Number of protein chains: 2
Amino acid sequence: MATATRWVYYFGNGKADGKGDQKLLLGGKGAGLAEMTRIGLPVPGGFTITTDACEAYNKRGQKWPTGMEKQIKANLAKLERGCKKKLGNAKNPLLVSVRSGAAQSMPGMMETILNLGLNDKSVEGLANVSGSRRFAFDAYRRLIMMYGSTAKGVDRMLFEEAFDELKEVRTAQRLGLGAGETAADTDANAEELADLVETFKTIYRDGCGEAFPQDPFQQLKGAISAVFDSWMLDKAITYRQVENITGLNGTGVNICQMVFGNMGDDCGTGVCFTRDPSTGETVFYGDLLINAQGEDVVAGVRTPLKLEELKKLMPEVYQQLEAVRVILEVHYKEMQDLEFTIERGKLYMLQCRTGKRSPQAAFRIAVEQATKPLLKTAAAKKLVSKKYLPKKTADLATKPIITKDDAILRIQAADVERLFYPVLDSNVTASELASREMGEGIGAVPGAAGGEIAFSAERAEARAQSGVDVILVRKETSPEDVGGMHASAGILTATGGKTSHAAVVARGWGKCCVVGCGALDIDYANNTMTLGGKTLNEGDTITLEGSSGKIYEGLIDLVPPVAPKEYETIMTWADKRRRMKVRANADTPVDALKAVELGAQGIGLCRTEHMFFDPSQPQRLTSMRRMILADNEPDRRAALDALLPYQREDFEGIFAAMHNLPVTVRLLDPPLHEFLPQSDNPEGQRAVVDQINEALDDAGSSSDRITVEDIARRVEQLHESNPMLGHRGCRLCITYPEILEMQVRAIIEAAINCTERGTKVLPEIMIPLSIDDKELGILIERTRAVANAIIKERKSRLKYLVGTMIETPRAALLADRMANVSDFFSFGTNDLTQTTMALSRDDAGRFLPDYVDADHAGIFKHDPFQTLDADGVGRLVRIACDESRSTKRNIKLGICGEHGGDPESIQFCDAVGLEYVSCSPLRVPIARLASAQATIRAEAKPKAKPGATLKVRSMSKASVLPKRTKRKVAAPKKTSKKAKPSAKRKAAAKGKPTARKTAKRKLARTR
Amino acid sequence: MATATRWVYYFGNGKADGKGDQKLLLGGKGAGLAEMTRIGLPVPGGFTITTDACEAYNKRGQKWPTGMEKQIKANLAKLERGCKKKLGNAKNPLLVSVRSGAAQSMPGMMETILNLGLNDKSVEGLANVSGSRRFAFDAYRRLIMMYGSTAKGVDRMLFEEAFDELKEVRTAQRLGLGAGETAADTDANAEELADLVETFKTIYRDGCGEAFPQDPFQQLKGAISAVFDSWMLDKAITYRQVENITGLNGTGVNICQMVFGNMGDDCGTGVCFTRDPSTGETVFYGDLLINAQGEDVVAGVRTPLKLEELKKLMPEVYQQLEAVRVILEVHYKEMQDLEFTIERGKLYMLQCRTGKRSPQAAFRIAVEQATKPLLKTAAAKKLVSKKYLPKKTADLATKPIITKDDAILRIQAADVERLFYPVLDSNVTASELASREMGEGIGAVPGAAGGEIAFSAERAEARAQSGVDVILVRKETSPEDVGGMHASAGILTATGGKTSHAAVVARGWGKCCVVGCGALDIDYANNTMTLGGKTLNEGDTITLEGSSGKIYEGLIDLVPPVAPKEYETIMTWADKRRRMKVRANADTPVDALKAVELGAQGIGLCRTEHMFFDPSQPQRLTSMRRMILADNEPDRRAALDALLPYQREDFEGIFAAMHNLPVTVRLLDPPLHEFLPQSDNPEGQRAVVDQINEALDDAGSSSDRITVEDIARRVEQLHESNPMLGHRGCRLCITYPEILEMQVRAIIEAAINCTERGTKVLPEIMIPLSIDDKELGILIERTRAVANAIIKERKSRLKYLVGTMIETPRAALLADRMANVSDFFSFGTNDLTQTTMALSRDDAGRFLPDYVDADHAGIFKHDPFQTLDADGVGRLVRIACDESRSTKRNIKLGICGEHGGDPESIQFCDAVGLEYVSCSPLRVPIARLASAQATIRAEAKPKAKPGATLKVRSMSKASVLPKRTKRKVAAPKKTSKKAKPSAKRKAAAKGKPTARKTAKRKLARTR
């Protein structure tokens, strides 16, 4: 670095050192100023100090990096030459504003110091030049207050109190106001303000122990350092943590010549958007204050006018601004958020950035940008004729400015997500919310929900049945709680992360869920919860906000979501563009229907175990428990026989809902202990004894009746130190083949029953947790034996697939061998992440934040349970994809872990060539969109020539795996070239139209 | 397969279809018969039915494979032609024996049917030919009994009772014996035996519902099928399970012309060994019965003569047999176990196989074979002159017959292991043992131990202190129990496998340990244990046998082990040959000294957490607990300060013991909850409160005193669903950097203290459980900062290394990046196996046996916690080795998982080029030997030419990874070629002479 580094970038008079795409270096504000200057918009001159300088400053222990001061002085001199004014000059003083600006908008940092350059001498010069002594001293008192409070930590209240006192007493007296009446800010006259400046100087000196600096360069230095320091303020750090902002090195500092919106009625200031940010309508939208400075808009002291008013007040300025709107939106091809100031009838642009918008607006803007002109032809002509708008820009503005692909790329996952969940009513005031806030957990499923607190699943169910909205509050949840979870409007847990049991289950239902609220203390014994110093009882009400993770006392009004019609337009475009299919993880007919409604093209994961917990049919769980408690095969088989009709019925429902779409059914996965009340729940165990013995009586069974001791002993036997790595998944079927047999029978019989009723069924039977080709071979052979026998007996022509989940590193490493016996693989990346990283998702909440927190260790960019860890887990996925295809080139590959609904992970899935992603029903729209975005981005890369290799896309880890990647990713391409469909493959294709289509499309793309 | 398959292999008249190396196909017996025939030894003619035939038979549902009967008939005809007799012929009948024979000796299968071919007619022919009607009918009655009982399931007792009755009544009467006196077998005369045959036929018919077959081919078919069936008998399956015999497909069947050792005093039969199998002495050793059949030797009815007697009785036969001894040992280069029969003065060899031997004999035989002649020159001359021995064989026999390398390869891990543990006194009779046996668990650490039962660690310690031998009996053990475990003579647990906590800790100490005894029921409340129907109280005695896993009631006499002097010889040879170094896993100075004594060249894993449990210094654990309970950094630091002197003292002890040898110290690894009494132990929690508060009082601490609620809350907070994947390892140091700082300080200060006293210390600081290069970088940087500050302050010149354990899949996959910041890697293959396979070693005991059991699922060849899973875990190790070397070519690589002491895994470690293996001290000799064996085997492979690639050795997975392997394994070679030692590397080499030497040797080998 050292002296050669450029720390400062100038802009002014139509030229700029920086560019709009240098946000990381210049910050968003700095890049916008530079770009606006470049494209000829009226921007006051100035210069930007880089974010690198901020990083260097903080690294050097709050010292300016070498050379920076010199560069600032040089740029300041250039600015002074440009506007023919001098900082601190007693006659014609240059005033500047100093603003922070990082690459991402970030409240919490020091924002602005205006009027810098004023001192006891230059204030007179300003008075002279502006013709208003009052104006000059008003500017000076503002500077002392802003500089004192934001740069030097003097209490802002002290300044405000002094001003208030002036207005209440002296000004009010002068104006002859009555007792209790207060004069307005603007009522104070020049003398009063001049005296106020002296008072402010005293407050300043008392507050920070030094006099207000009269040397304007000292002011500038102080302001710049204060901006740098503010990057490391706790509130800024916290904001970055909360918003998961990583990869930034600091804030830029923008020093800009002051322009004044408060020099009279031909002055003003405002903010505007190139389109309506809440509806997305194609109108010019904004707020305006006449005779005011920018901070007055922000402070909300005066009620602003609508932007249209400007049309009447200053029609030329309005037209100019309208032209700026068009120029910037055409230039950036995105809705812009602008700040401007009018000084004595002259327009200055102070900021432009991509504008934030409501989810509804996001869709409408994208669709309208891609289908409608920004500007009507008549309006365009007028602006061109006035020379406010170049002809070329006008031509562009009267046509759609982006493509459909651009529109698809424009939509964020959060835009989609927020369309589907109820939210807190925006009419509830911030102070109301603040007073109700009890604390904060991890927002696991967005949306909001309020209701009565229930501390047990049973209570939740009971209260819900009597029609009450319930919030289930638990330390953590387990499959036993599923009934109560389903009955609840929202779920709050003290432990767990975004992929804990509670989060995963709730997400499947789109149910508001806040997890990992470490401060939450639940006293089950007394049925109370304590949080944020408040203790609530069961039956009291709370409201959860599932995006922020906040918990509020009492009920807060919610409003339902509304999807705009443009949502459907975008999704239709996306569906046409994407290569990958999107399936849903759904366990019930209701969820399956929901998934289809949201656009799912199949079920990628149907978890059979959830079916056992249906609270409306407790016999299911009882039979399951009977099976677990059986200590010999005949008893176990008898219990399984009792379960068979339930399972078959469930599958029939799901198959019916998924007519003509594939359904992947996973065989029993969790460890058996999850189905029994544990040793800390003796009442639960006693209840189970009664239920089972009743069931045995009803069945007239000759088996021994069970006792509490039997359960206790079995629970003890089933206890595991690490159940995640224990006796579960297909290991259960190795030990108890009869479980597999029952489940396969239920699936196949259900499929045949449906087929006979005219439903087209495509069942895919999935073996969980396999780690070995021999193990998998044994289980698949058994599956086929059972299935084929039934098919033969029923004289059916049912086709079905058998495959496995790849959810352990060993399975990924042996995928080539496992592909020999398997029709398909589905990547279970939740468990694969847990095992690859030795990271329990239920326990990681305690320390994973330290890993993801950028300002602590910053080890991971994302929570690996939310976004696939491309380096580790992703490498295993890639190995498995490449090598399994080398064994069986057409093997069907998909993903059914939580990552299947995460856009960045979906892009990875596309890059490794998966055929589909599967996610919870409510994330299906996100997945459809993200998948289309992945296709579009992949095509945007330089096309692979025939014979060349398919390059790894954005998320991948090319550096580590160059040779493998090249060699292997090329393989499927070669394959599709050679492929002359055999009779057999044609038949297969008939049964699986999707696979064929995909192959074709891939062929088209790679050729 | 079908008709073309050869199911039958003939041997006879000096020619054989099969060979000695076809054990897998022909079984051990069949291969031996073929080979002896080939080399010209006198073997009766016959043929062998292959093990493939057995497999085909069992696969086809107990049907003979196509073509087998035809082939048997053809070979039978050939045999008949060869000996000029016919099966079942009434004049000159051929009799045959039918014997099973798998590739490995396997009691439990049907063994032998003799005299097959006799029927009512041919028995007369035999009488004629043999000249003895008595002999013929004796043979016939034997056939009916053997065929009936072994092939047809008729109760053998019924036959024996009938014979006994005959002898007691009729024969006794005829001989005029007194009441209560019984005649001998040989007393029964021809008539009596002829009548007995009729009685036997009746018993046979009554027993199996059909007449004894008179068709000799039907007898033959029945006998062959019976042998095949016996492969699947429960007892055979159980034996294979228990002995971990896998990879065999069935048993062979040997049909051999009968020769008779019971036709008079010029006949006999015997078994002999080419050397003494219990001492290893170079003498001809065996047992002999005159006028007897082989089964009489086995049955132990008569007391056999010593083999030397034959020298007097039949000197020529003896000399012939002596020549056979020499021919076979020279041929096989191994001590042989022989069976022979003498028929009317003519010697026939019936079996030869490599002989089982005591561990002492194994060493002596190997050394003597490699250094001394088998035969003195005079004796050789005599045998040559008699033409019993070819001159060439005599020449070979008068010189050492194997090389030192052969001798090294000859020793098995079990031979070494059994040298070091006390064993049950062989004077205790089998029946005594049987009556005392209560049950069986998994033998985790060999040797035997007896003592008083203690059900708690406290009780074990207390009783041990009063001088009593104690066996600690627990459901499972935890680090809390370590004190009691150490105090005990042996450990028995109800749960866990060979790598459970109990097993691992006990193995480290070489302490007898039996785990996973599922049938063991412990009632802690009443202090009783129930096993095998017996209930014992605390204070009662039991004896454990740690090889078989058997548990005996009461105390059984033990004898201490004795290592022969040849042990030292072999180890010296091995040390000269091996490429890899051998280190030990040791946590205390005592263990460290033991390790050095056993030949360890350093410590590869010193676990710091075990130090906290030293029962003689309870303050350690108290300080640790104080640290865990601290809820702020100052309190935590105060507790750590209290721990510092203890840790420093420990390290000083270990460094002193390991003068001039490297010591790898692993920082704190286990989750913190392991240090606190859990919620089921409130008394324990109360005791901890008192201890900590006392310590705080003693230290005059101003910190708050703790309460039982504090502990309970912390325990609750620390509870994890899957602690294996939880907050442990280096994750603790990310959260609490002060733990790392204290430990690094202790290590470095200890090292400097030792250095100042003249001890040469080579500390290697190891970070556990890292999963990311950034995470590791942060911790290594912190480590270096602390260490370097101390070194600077103390003006020391201490050199140290910092590295990490590779024990998660992600670490292996990111090894290239982690190598950038790390001086060394040590593979922690225990945890790597757990995570790669999603297999908890503490829980897998419940289902892993189903996976390893060849006759159930047979999924894994070995328990993956004992022998490294080359396909999955091994592939990750290979990836990490190859790719880390590509980043840092000289990175030090070792292994410290349990696999470091397993011979097959050691061979893998050699193949991937690790610098050292580290294992528990008592396995160091095995590792030294196995490492030498790996070197020898690697050299025996075709040498890699310069530029060619190093081939993957035995255990590897070449088929899956050919390209990677070739490309990557070649890398270090290229490296060593290029390497011109820089000044820096020279200096490093000075500090690490071992690393240099290894590199040189590797260079020499690969060029």
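1. How far apart are the end C-alpha atoms of helix α12 of chain B, and what span should its 18 residues have? At 1.5 Å a residue, multiplied by one less than the number of residues, helix α12(B), residues 315–332, should span 26 Å, and its end C-alpha atoms are 26 Å apart, which agrees. Helices here are DSSP runs of H or I with at least four residues, numbered from the N terminus.

2. This is a predicted model, in which local features need pLDDT of at least 70, side-chain atom pairs count only at pLDDT 80 or more, and totals for chains, interfaces and linings use all residues. Residues are numbered from 1 along each chain as its sequence is written, chains are lettered from A in the order in which they are written, and side-chain values use heavy atoms, without hydrogens and water.

3. Of the 18 residues of α12(B), 13 are buried, that is, under 20% relative accessible area with a 1.4 Å probe, protein chains only. Just after this helix, Lys333(B) has a positive phi of about 55 degrees.

4. A turn of 179 degrees and a shift of 0.0 Å along the axis lay chain A on chain B with an RMSD of 0.3 Å, by least squares on the C-alpha atoms of residues with pLDDT of at least 70 in both. The two copies are therefore related as by a two-fold rotation axis.

5. Chain A and chain B each give 60 residues to the contact (heavy atoms within 4.5 Å). Eight salt bridges cross this interface, each a side-chain nitrogen of Lys or Arg within 4 Å of a carboxyl oxygen of Asp or Glu. Glu716(A) and Lys475(B) form a salt bridge at 3.5 Å, N to O.

Technical notes
Helix = DSSP H or I, 4+ residues; strand = E, 2+ residues; numbered from the N terminus. Buried < 20%, exposed > 50% of the residue type's maximum accessible area, 1.4 Å probe, protein only.
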